[in-house]
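Trainee: I have a model to go through. I want to know how each label is earned.
Mentor: Good. Put it up and ask.

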Amino acid sequence: MQQLTDQSHEIDFHSEKYKDAYSRINAIVIEGEQEAHENYIQLAQLLPESEKELIRLSKMESRHKKGFEACGRNLQVTPDLQFAKEFFSGLHQNFQTAAAQGKVVTCLLIQSLIIECFAIAAYNIYIPVADDFARKITEGVVKDEYSHLNFGEVWLKENFAQSKAELEEANRQNLPLVWKMLNQVADDAKTLAMEKEALIEDFMIQYGEALGNIGFKTFEIMRLSAHGLAAA
């Protein structure tokens, strides 16, 4: 890990190329936390018995957003929020459609599994190559993200039998979007010393573990994961 951490010393955080790429990556994490904040509020309406916990998670996401806004200011970078909104538009639309139809399982898969695993993977790969200020912020955020992932895992595990078919369909619809998103930011991520292959590997590990914790068998996890790889 020490070797990884030292990578950050070779990066010019103030070069125009770095700051240009950072304007989009920083916007993505800001918008991702905003999406999560709004999604948890909607989930609180769909799951009134868990309202208190979901509102707590939504407030946590707001704090994360402020932290990442501070990371941008620290490097004197203006986040490209319009780019980020378009980046999340597919998952955003699918979540809104599912919420309108009362499909709690699909909403939880999108927010508590896909978006949280995507975030954790990105933060894990970013931390060793981040500037000192952003590293401290991001390390704190990752600890929180695991608790969000845990909420979705626990609920889906408790309701696995009746949720399984919808989970498989939601996975089929949404996992390909993740690969499209990763491809879209591969060049910017590389400028920040984040390799696309490492992002994919970390995401697959996080997502596979989450599916296993819910109740899917190993061969089922491989089949579900293949829906994303087919779009890569």
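Trainee: This is a predicted model. What makes Asn39 count as buried?
Mentor: Its relative accessibility is 2%. Buried means under 20%, so Asn39 counts as buried.

Trainee: Where does Asn39 lie, and which residues is Asn39 in contact with beyond its sequence neighbours?
Mentor: Asn39 lies in helix α2, residues 16-46. Leaving aside neighbours within four places in sequence, Asn39 touches Phe95, Gln96, Gln111 and Ile115.

Trainee: Why is α2 called oblique to α8?
Mentor: The two helices pack at an angle of about 125°, with their axes 8 Å apart. Roughly perpendicular stops at 115 degrees, and roughly antiparallel needs over 145. The angle fits neither class, so α2 is oblique to α8. The crossing is left-handed.

Trainee: Which residues meet there?
Mentor: From α2, Lys17, Tyr18, Ala21, Arg24, Ile25 and Ile28. From α8, which covers residues 160-191, Val185, Asp188, Ala189 and Thr191. The residues of this contact divide into six nonpolar, one polar and three charged.

Trainee: How do you know that the chain agrees with a compact globule?
Mentor: With 232 residues, such a globule would have a radius of gyration near 17 Å. The chain has 17 Å, so the value agrees. The C-alpha trace spans about 50 × 35 × 30 Å along its principal axes.

Trainee: How many helices and strands are there, and what share of the residues is buried?
Mentor: Ten helices and zero strands. Buried residues make up 55% of the 232.

Terms used: Residues numbered from 1 in each chain as written. Predicted model: local features only at pLDDT ≥ 70, side-chain atom pairs only at ≥ 80, totals over all residues. Heavy atoms only, no water. Helix = DSSP H or I, 4+ residues; strand = E, 2+ residues; numbered from the N terminus. Buried < 20%, exposed > 50% of the residue type's maximum accessible area, 1.4 Å probe, protein only. Contact = heavy atoms within 4.5 Å. Axes fitted to C-alpha atoms, helices over the stretch in contact; angles between N-to-C directions. Parallel < 35°, antiparallel > 145°, perpendicular 65-115°, else oblique. Left-handed = near helix turned anticlockwise from the far one by under 90°. Nonpolar A, V, L, I, M, F, W, Y, C, P; charged D, E, K, R; others polar. Rg over C-alpha atoms; globule rule 2.2 N^0.38 Å.
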